[in-house]
Amino acid sequence: MSAPAPQPVPRPDSISLDSASLGPTLSGSNRGDRPASLNRRDWLCRAARGMAPLLFSGCGLGLPKKSQYIKVGLLHSQTGPLGQSESALRDAELFALEEINARGGLLGRLIEPVAPDTRSRSEDLYPKRARKLLVEDQVPVVFGGYSAASRRAMLPLFEDQSRLLVFPAQTEGNAASPNLICGGALPNQQVLPALDWLLGSQGGNPSRLVFLGSDGLYSRTTHHIATKYLATRQRKFAAEFFIPLQGTDWAPVLDAVAEQSAQTAVLSTLAGNSNGEFYQQLRERGLNRSGGPTVLGLRLGEDELRLLPPDAIRGQLAGATYFQSLATPDNQRFVSRFKQEFGYDRVTSDAMESAYSLVHLWALAVAKAGALNLDAVRQALRDVSFAGPGGEWRIDPATQHTTKTFHLGRAGGDRQFEIIHSSAGPIPPDVFPQFAFPGWKCDLTAGGVTRGEPVDLNVPGNTPAPSAAGAHTPAPPSPSAK
Amino acid sequence: MFYWVYDLPTWQFGLLTTVSFVLLYWVGVIFVRPFLRLFVRSTPGLNDVVGYILSCFCVFYGLLLGLIAVTAYQNSAQTEATVTREAAALSALYEDVGGYPQPHAQNLRWLLRDYTRHTIRYAWPLQRRGITPVEGGIRVAAFEEALHRFEPQTPGQQVLHAESLRMFNNFLEHRRMRLLAVTTGIPPVMWFVVAIGAFINLAMVWLFDMRFTAHLFLGGLLAAYLGAMIFLIAAMDNPFRGEVSIPPTAFESLFAKMVDE
């Protein structure tokens, strides 16, 4: 309702508030002979008009708007065997969100992170917490997951709700969805270059290769790809072990590693606390000394080293697409700011760099799209790039993975890795390496995933089995994928 | 219901309360005076009668307001003490776990630092909005998990570990009290009585028979002060809400020490 137009009031030369001038009006005895100057009603009206801005400006400025915050989900295990590794990702994501908020937020609103704990329970708690974030908190995006199992368990919810899941950790490939952005290295960007290096002159071309991984989808798929890759080079693994996440008898592993140890290389995809246990066991058996096996960890970052005595890890190798020791100005600034914010002894790692950069990349896409919905953000992601600590970040629209540069590091006594080898350039993502997944292709801009021959991932060293009973087929295509 | 006032800057909150009371009083004067004129104008001794009753009423109402103000202040002071004790226990725990063998010491200290940072950056803004923060509990659980993972190997470590556990329990107790204080405040029924009392107070002043300007001015002063009193109580109530609230200073100074070591 619009206010009535103010009537022009003849402005008196002066308003006297003495009792003589106000007397007749206040007494109320002679309403009929009001003077032409301000009467009581006008006076009150003016006073009210004068006070109104004070009152209502207060309300307008101070009242919280319903849409003051954009809630964003950060879904990681903060306790349990994976808590140590995943809480570092949470910190990197928080760091990026704080930077965005410090610049004024996104779309004129501040970002409010919601970070529940999934307690290292990939199968049940990840989807449960994700559902709460999507349904109750109505987050447009979740940065989360660490294990392949957690990603697989959550993804159908995101497809159902048309939201975006941004997965910062390494991926085994063999999956793609319009609702999924993967920022971690694929096997062709990490495992295969690591194998190339090991089998080359620099790696000593060991005669025995032992595969060691945490029992889960990532390790089994990665092992499948590595086995197929080795077959193309007429090589194979001498032994393989899949270790449960909590508690194991390391004796068989150590026995296998100790055999011809000088000629043995261990390719490890152990995750979380298992890394610490394994390196401790190696030290206790005296296998970490010169003449011992070469151990190349693929899920071993600076943050995993914090529970390890330096002498247990010194000299061991790790393959990654980022190390804290990367000598670029962007990285040095990032590390310095992170330490300033979280503490002098905090470290940054491959997955943390990925988590940090993905948050910024998503924010750039949202800013470009001017919206939070999935389609707009996916479209905008094709056109944005982010200069991350480890290099430029850009999403490949066909796979929604990223191009990465491989680095090989050797652990020093300072719990840092010295980079001893890097790939010639950035390696594009290959979600379905053809030697491991014949016929499988992925192009999310044109039809999604094209199915090929069924592949059995449960039998290590398998050959493509077109109609093997009980074959585990790769990732179920998303609703839009064919 | 009126929690939105805590989102206003203090001066706006104070001004809004005071002006609202004055306006209520003025509106009352304007609407009540005609009726008063009809029924009781020129009743001899009216002002004396109203004055006596108002005096009696003000004694009871003043006592109520005074007691509530004291309660609100004590509540705020107790909560502030709880916050300080929690920060002190955290500091002591940080020192204790520093004596553990590496890498446990560093890991435990990282986790405590993480908790402190989270409390300052995320828990406090939520508390200011009247929301009990829950994610700090996750950090506490992570620390507890790491603390229980440590197995003392020497008598010295056993003593240190026992002391750390004792301090951890102490810290937990204060943390729990802080979280409970987030939603603490003067009960709604008490605010209802305060509001009724304020209204009766103003209504009695409406009954005075005097010149209009004097009525507006003198009663307006009373209404303004009444508004200011109620603003003071409201500002001190809900110790974590609004600008007049307990700051995370104790945690901030601790965190500054933690990151600068």
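A charge sits over a ring if NZ of Lys or CZ of Arg is within 6 Å of the ring centre and within 35 degrees of the ring normal. In this predicted model, A:Arg346 meets that description, lying over the face of B:Trp110 at 5.4 Å from the ring centre. Welcome to a short tour that starts with such ring contacts, moves on to the enclosed spaces, and ends with some backbone details.

**Charges over rings**

- A:Arg346 belongs to chain A and the ring beneath its charge, that of B:Trp110, to chain B.
- There is also a contact with the chains the other way round: the charged end of B:Arg117 sits over the ring of A:Phe342, 3.9 Å from the ring centre.
- A:Phe342 also takes part in an aromatic cluster, together with A:Phe95, A:Phe334, A:Phe338, A:Tyr356 and A:Phe386.

**Aromatic pairs**

- Over all chains, the count of aromatic pairs comes to 27.
- One of these pairs is A:Phe432 with A:Phe437: the ring centres are 5.9 Å apart and the planes stand at 80°, so the pair is edge-to-face, the cut-off for that label being over 60 degrees.
- Chain B offers another edge-to-face pair, B:Phe199 with B:Trp206, with 5.6 Å from centre to centre and 90° between the planes.
- How do the two pairs sit with respect to the surface, buried or exposed? In chain A, both A:Phe432 and A:Phe437 are buried.
- In chain B, the partners part ways: B:Phe199 has a relative accessibility of 41% and counts as partly exposed, whereas B:Trp206 is buried, with a relative accessible area of 9%.

**The largest cavity**

- Rolling a probe the size of a water molecule over the atoms shows where empty space is left.
- In this structure there are 10 cavities of 30 Å³ or more, and the largest has a volume of about 200 Å³.
- Its lining is made of 24 residues, of which A:Tyr146, A:Gln170, A:Ser349, A:Asp350 and A:Ala351 are the closest to the centre.
- Where does the largest cavity lie with respect to the domains of chain A? Domain 1 (15–185 + 328–403) and domain 2 (188–325 + 409–481) both give residues to the lining, so the cavity lies between them.
- Helix 3 (83–102), strand 10 (317–320) and helix 12 (350–369) of chain A each supply at least two lining residues; helix 12 gives the most, with four.
- Sorted by class, the lining of the largest cavity has 12 nonpolar residues, eight polar ones and four charged ones.

**The second largest cavity**

- The volume of the second largest cavity is about 120 Å³.
- Which residues are closest to the centre of this cavity? Of the 14 in its lining, they are A:Gly83, A:Gln84, B:Ala142, B:Glu145 and B:Arg149.
- Elements of both chains take part here: helix 3 of chain A, and helix 3 (104–128) and helix 4 (135–149) of chain B, each supply at least two residues of the lining.
- Helix 4 of chain B gives the most to this lining, with four residues.
- By class, the lining of the second largest cavity divides into eight polar, three nonpolar and three charged residues.

**Backbone details to look at**

- Most residues other than glycine have a negative phi, and most peptide bonds are trans.
- Between B:Gln102 and B:Pro103 the peptide bond is cis, with omega at about 5°.
- B:Pro103 is found in the loop that runs between helix 2 (46–97) and helix 3 of chain B.
- In chain A, A:Arg119 has a positive phi, near 50°, and A:Ser120 also has a positive phi, near 60°.
- A:Arg119 is placed in the loop between strand 2 (110–114) and helix 4 (125–135) of chain A, and A:Ser120 lies in the loop between strand 2 and helix 4 as well.
- Is each of these two residues buried or partly exposed? A:Arg119 counts as partly exposed at 41% relative accessibility, whereas A:Ser120 is buried, with a relative accessible area of 12%.

**A distance across chain A**

- A:Ala226 lies in helix 7 (residues 217–232) of chain A and counts as buried, at 0% relative accessibility.
- From the C-alpha atom of A:Ala226 to that of A:Gly370 the separation is 42 Å, and the two residues are 144 residues apart along the chain.

Technical notes: Residues numbered from 1 in each chain as written. Chains lettered and ligands numbered in written order. Predicted model: local features only at pLDDT ≥ 70, side-chain atom pairs only at ≥ 80, totals over all residues. Heavy atoms only, no water. Phe/Tyr/Trp six-rings, centres within 6.5 Å; stacked < 30°, edge-to-face > 60°. Buried < 20%, exposed > 50% of the residue type's maximum accessible area, 1.4 Å probe, protein only. 1 Å grid on protein atoms, 1.4 Å probe; cavity = no way out; pocket = protein on both sides within 12 Å on 5 of 7 lines; lining within 4 Å. Points joined across faces, edges and corners; volume = space filled by probe spheres on them. Nonpolar A, V, L, I, M, F, W, Y, C, P; charged D, E, K, R; others polar. Domains from an automatic or database assignment.
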